[in-house]
Amino acid sequence: LNQVATYYGQGAYQQRLSTFCAETSLDIINVGFVDVFPDVGLTGWPETNFGNQCDGSFFVNGDETSGLLANCHQIMEDIPLCQDAGKKVFLSLGGSAPASGQYIASKDSADDFADWIWGAFGPVTPEWTADGLPRPFGDVVFDGFDLDIEWGTGFGYGYLAKRLRHNYDTYRDSNPESKNFYLSAAPQCYLLGNLLTEAISYAPFDYIWVQFYNNPSCSANLYADGLPGFNFDDWVSIITSGANPDAKLFVGLPAEESEAISGYYIDSESIESLVNKYMNKHPKTFGGVMLWEATGSYNNTDSKGNVFSQSVKNILVD
Ligand SMILES: CNC(=N)NC(=O)NC
């Protein structure tokens with residue numbers, strides 16, 4: 001079924017996550033971000049940033065203060081509400097800042113990073129807690145992990161994704177009753193020098209939400225303006241020739257005018273035309289729409305009082 005995905009964690013004056021758990025149009029919520037990776041993180045741990053949602057205290061690692069937020073109680077309390085409402089909640093790695101944060105030094109450190117993320121944010125294991133390692137969201141178990149890679153050289157992200165998949169598969173082999181886990185990625189829409197296309201060819205992602213905004217050569221506004229360049233077809237080819245040819249491709253779009261560079265927001269009429277064309281052109285690969293981001297969508301209501309994600313959902317399912 002065509003789904004709506006969004007991001008939560010960086011919205012201006014955002015409300016707690018439960019507000020968006022109650023939004024029936026949202027199917028997948030990416031909570032962002034793990035914005036600094038261990039090779040460059042304080043004390044060798046990843047660092048996190050969830051906007052206005054935490055109390056500013058950080059975990060201590062040995063006798064050093066890390067950059068890992070320790071008290072984000074509202075997010076911890078609310079993720080189960082979203083999951084009970086049938087939504088998938090992913091933890092997003094990356095984000096748009098800091099530029100220096102998304103560095104992976106080697107394959108070994110990519111594997112170590114994946115193991116750390118799995119231990120801290122995946123299923124609760126006695127070993128992890130016995131080692132006194134942190135569970136920033138307690139017993140909350142994310143449904144998957146998202147790579148929102150905006151910076152770096154491209155190195156390591158495929159290894160990171162593949163190791164996460166390995167960890168899922170190993171865990172499910174010994175816990176066959178456990179829920180499924182998912183991998184997603186949010187590449188920019190340009191192809192030359194793209195930081196995630198190699199990872200997509202190497203590791204089996206389940207969802208690819210391409211950022212068809214803020215990029216002059218390939219964004220959705222070109223389609224809306226009747227101009228060439230919108231490259232959804234190219235992304236279908238990348239996915240169908242990648243490690244998971246059945247991955248779903250989402251059209252990534254701004255949720256309101258102010259959440260993208262001027263000119264890149266397209267309205268629901270344009271989205272309806274674009275969705276109708278590409279959903280029918282690629283029925284197997286078309287998966288839905290991703291909106292950046294939840295608070296912007298919530299503030300962007302139409303004449304009928306529908307928030308933007310609801311307008312988009314109505315287009316997808318009608
Ligand atoms: C300002 N940062 C972003 N727009 N980031 C994204 O859209 N990530 C999917």
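**Close-up views of a predicted barrel and its ligand**

**View 1. Two neighbours in the barrel wall.** Gln211 has its bridge partner in S9: Gly252. This is a predicted model. Gln211 closes the stretch of strand S8, which covers residues 207–211. Strand S9 covers residues 248–254. How many bridges join S8 and S9? The two strands pair over five bridges, in the parallel sense. Strands of a sheet pair through backbone hydrogen bonds, and the pairing can be parallel or antiparallel.

**View 2. Helices packed on the sheet.** Helix H8 spans residues 232–240 and packs on the sheet. It touches S8, S9 and strand S10 (286–292). The direction of H8 makes about 145 degrees with that of S9. Helix H11 (residues 308–317) also packs on the sheet. Its contacts are with strand S1 (3–8), S9 and S10. The direction of H11 makes about 170 degrees with that of S10.

**View 3. The closed barrel.** Follow the strands in order: S1-S2-S5-S6-S7-S8-S9-S10. These eight strands form a closed barrel with parallel pairing. How are neighbouring strands turned against each other? On average, the turn is 25 degrees, direction ignored.

**View 4. The ligand and its surroundings.** Which residues surround the ligand? They are Tyr7, Ser96, Asp148, Glu150, Gln211, Tyr213, Met290 and Trp292. Gln211 appears again here, after its role as bridge partner of Gly252. An N or O atom in the Gln211 side chain is 3.2 Å from an oxygen atom of the ligand. For Tyr213, a polar side-chain atom lies 2.5 Å from a ligand oxygen atom. Asp148 meets a nitrogen atom of the ligand instead: a polar atom of its side chain lies 2.9 Å away. How much of the ligand does the protein bury? Taken alone, the ligand exposes 280 Å², and the protein buries 84% of that.

**View 5. A hairpin of two strands.** Strands S3 (residues 58–61) and S4 (residues 64–69) pair in the antiparallel sense. Three bridges join them. Look for Val60: it stands opposite Thr65 in S4. Two residues sit between the strands of this hairpin. Gly62 takes a positive phi there, near 70 degrees.

**View 6. Two cis peptide bonds.** The peptide bond from Gly32 to Phe33 is cis, with omega near 10 degrees. Where does Phe33 sit? Its place is in strand S2 (residues 28–34). Another cis peptide bond joins Ala97 and Pro98, and its omega is about -5 degrees. Pro98 lies in a loop, between strand S5 (88–94) and helix H3 (107–121).

**View 7. A positive phi in a loop.** Tyr13 is not a glycine, yet its phi is positive, at about 50 degrees. Find Tyr13 in the loop between S1 and helix H1 (18–21).

**View 8. Stepping back to the chain.** How many helices and strands does the protein chain contain? There are eleven helices and ten strands. The chain is as compact as a globular protein of its length, because its radius of gyration of 19 Å is close to the 20 Å that the globule rule gives for 318 residues. Along its principal axes, the C-alpha trace spans about 60 × 40 × 40 Å.

Key
Residues numbered from 1 in each chain as written. Predicted model: local features only at pLDDT ≥ 70, side-chain atom pairs only at ≥ 80, totals over all residues. Heavy atoms only, no water. Pairing = 2+ DSSP bridges. Helix = DSSP H or I, 4+ residues; strand = E, 2+ residues; numbered from the N terminus. Axes fitted to C-alpha atoms, helices over the stretch in contact; angles between N-to-C directions. Contact = heavy atoms within 4.5 Å. Near = heavy atom within 4 Å. Polar contact = N/O pair within 3.5 Å; in protein donor to acceptor, adjacent residues only side chain to side chain. Areas by Shrake-Rupley, 256 points an atom, 1.4 Å probe, with all protein chains shown as cover. Rg over C-alpha atoms; globule rule 2.2 N^0.38 Å.
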